Amino acid sequence: MDPEIEVQEQNPLELDLEEITKRLLFLDQWRGVFRYYRLGNSLTTPQNHDGSHISAEETGEGSGMLPPQGQEQSPSSTVCSIPRLPGNSSKLHGFPISPAMATMLQRSLFGNTNQVLGGDWRKAHFKFHDPFSDLAFALQVEKGGAQSIQMAVQGSIIKYLLFTREGKDCSLHSLCNLSQREQEQALAAVLAGILWTAGAAQKAIICFVTKDIQSASTLDYSSDNFIERLQLFEFSEKEATEKFIYDHLQCFKGEGSHGVILFLYSLVLSRTLERLQKDLDATTTHLLRSQAGGVLCRQAVLNLILTGRASPNVFNGYEEGRRSEESLHGVLARSDVGYLQWSRDTSEGDQVSQVGSMLKTPTFPIWLCNVNGNYSILFCTNRQLLSDWKMERVFDLHFYSGQPSQKKPVHLTIDTHSHHWEGEHREDKHGSGRRFSSLEMAIRTKWREATINWNGAIPFF
């Protein structure tokens, strides 16, 4: 039985009550709009006197800390409190989430209003490994549903560090030779860029949590009242978004900050619920799903991070569904960071699960990999890899699994011109009756018949 999150059937009496509730929420939504314009929605960039970036960690502002689950709050305590802004940013105002928007956010995620994110999600945040180390560029990742979001963001961090920031060479050494400030600048730039792209390069919304419940409603959005405490900040400039995130980065990277959850909420609201519904199709009506007692991201969340559009499928363009009137939505444009997947349970004849060229051949040689449900990153430091076919004969890739046991990137050498019969007598000593490890199978979905040299490392998966 597919453990999907479903909305239960309602009787006529419940439908009448729901209609009344909808009308009340509609009125409340307008009340929230009027409140928002009364606060002022002409948002400006908070500027320091010298124009430089100073993080919340350096200034002591915006602690980003949440109390332990179930701990009672005192009136003076803070819960990832609304960031204290510089004195010259008085024109910048956040506005509390309305009950109507909170309900729509909850339904977009779960398809209902009573599902909650578990402890693995609440603990997840964006924390780097130690500066000036072999994994200075890499986020620390734990098992759980939030892992896929963290690793998708990781791909964009590598893109920024290798190919976007100025004055740095495209080398593995440059990835490892990072200070804490450089790590923070990269994270702020990447989170802002993802939100800005999701907002169609028009706006971005950032969610923080206040100590007070903002929404007064009878609906149970979540047992810990997390969504009701959201305070929203809207930006119409990408630079302003990045500056604001950097100044209050502790709300995303601090332990106990619920940083991944806040980023997910910000991502959905930046996309807007109207665009989100257009992105999805009949096969995917909400973004998260239940499995084995946990909550996992659907493909639409990963595609939203990778492409800015919450396409539910990995093939190119559109395909016809099981019913002739149904249209399945795939990826419409080449992504900056790519995507590869392989699973023991997927047959080669399943066309819907086959990754199309828009994701398989990205702009930059970086791939988020989904291998048997575990997420990892493959990347190449040579930007020309995918623009010159001669580069793809023999080349190097670096692999980051996110597993705590990994202390440095794994160096792989890919040979796409080795003779296939040379590998027929090799058996995969680390696999389960297969000639290649699962990661190698994923790599071969992009480079067929390639041989992979692990250069002395033990193959993953």
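Which residues on one side of β3, and which on the other, are buried? On one side they are Leu 230, Leu 232 and Glu 234, and on the other Gln 231, Phe 233 and Phe 235, so both faces are covered. Buried here means under 20% relative accessible area, with exposed over 50% and partly exposed in between (1.4 Å probe, protein chains only).

A quick word on the source: this is a predicted model, where local features need pLDDT of at least 70, side-chain atom pairs count only at pLDDT 80 or more, and totals for chains, interfaces and linings use all residues. Residues are numbered from 1 along each chain as its sequence is written, and side-chain values use heavy atoms, with hydrogens and water left out.

Back to β3, residues 230-235: six of its six residues are buried, so the strand is largely enclosed by the rest of the structure. Strands (E, at least two residues) and helices (H or I, at least four) are DSSP runs, numbered from the N terminus. Strands pair if DSSP finds at least two bridges between them, and β3 has these antiparallel partners:

| Strand | Residues | Bridges to β3 | One facing pair |
|---|---|---|---|
| β1 | 95-96 | two | Phe 95 and Leu 232 |
| β2 | 204-209 | six | Ile 206 and Phe 233 |

Now over to helix α6 (residues 172-176), home of Ser 174. Ser 174 counts as buried because its relative accessibility is 5%. A polar atom of the Ser 174 side chain sits 2.9 Å from the backbone oxygen of Asp 169. Setting aside neighbours within four places in sequence, Ser 174 touches Leu 162, Arg 165 and Asp 169, where contact means heavy atoms within 4.5 Å.

Notes. A polar contact is a pair of N or O atoms within 3.5 Å; within protein, one must be able to donate a hydrogen and the other to accept it, and residues adjacent in sequence count only if both atoms are side-chain atoms.
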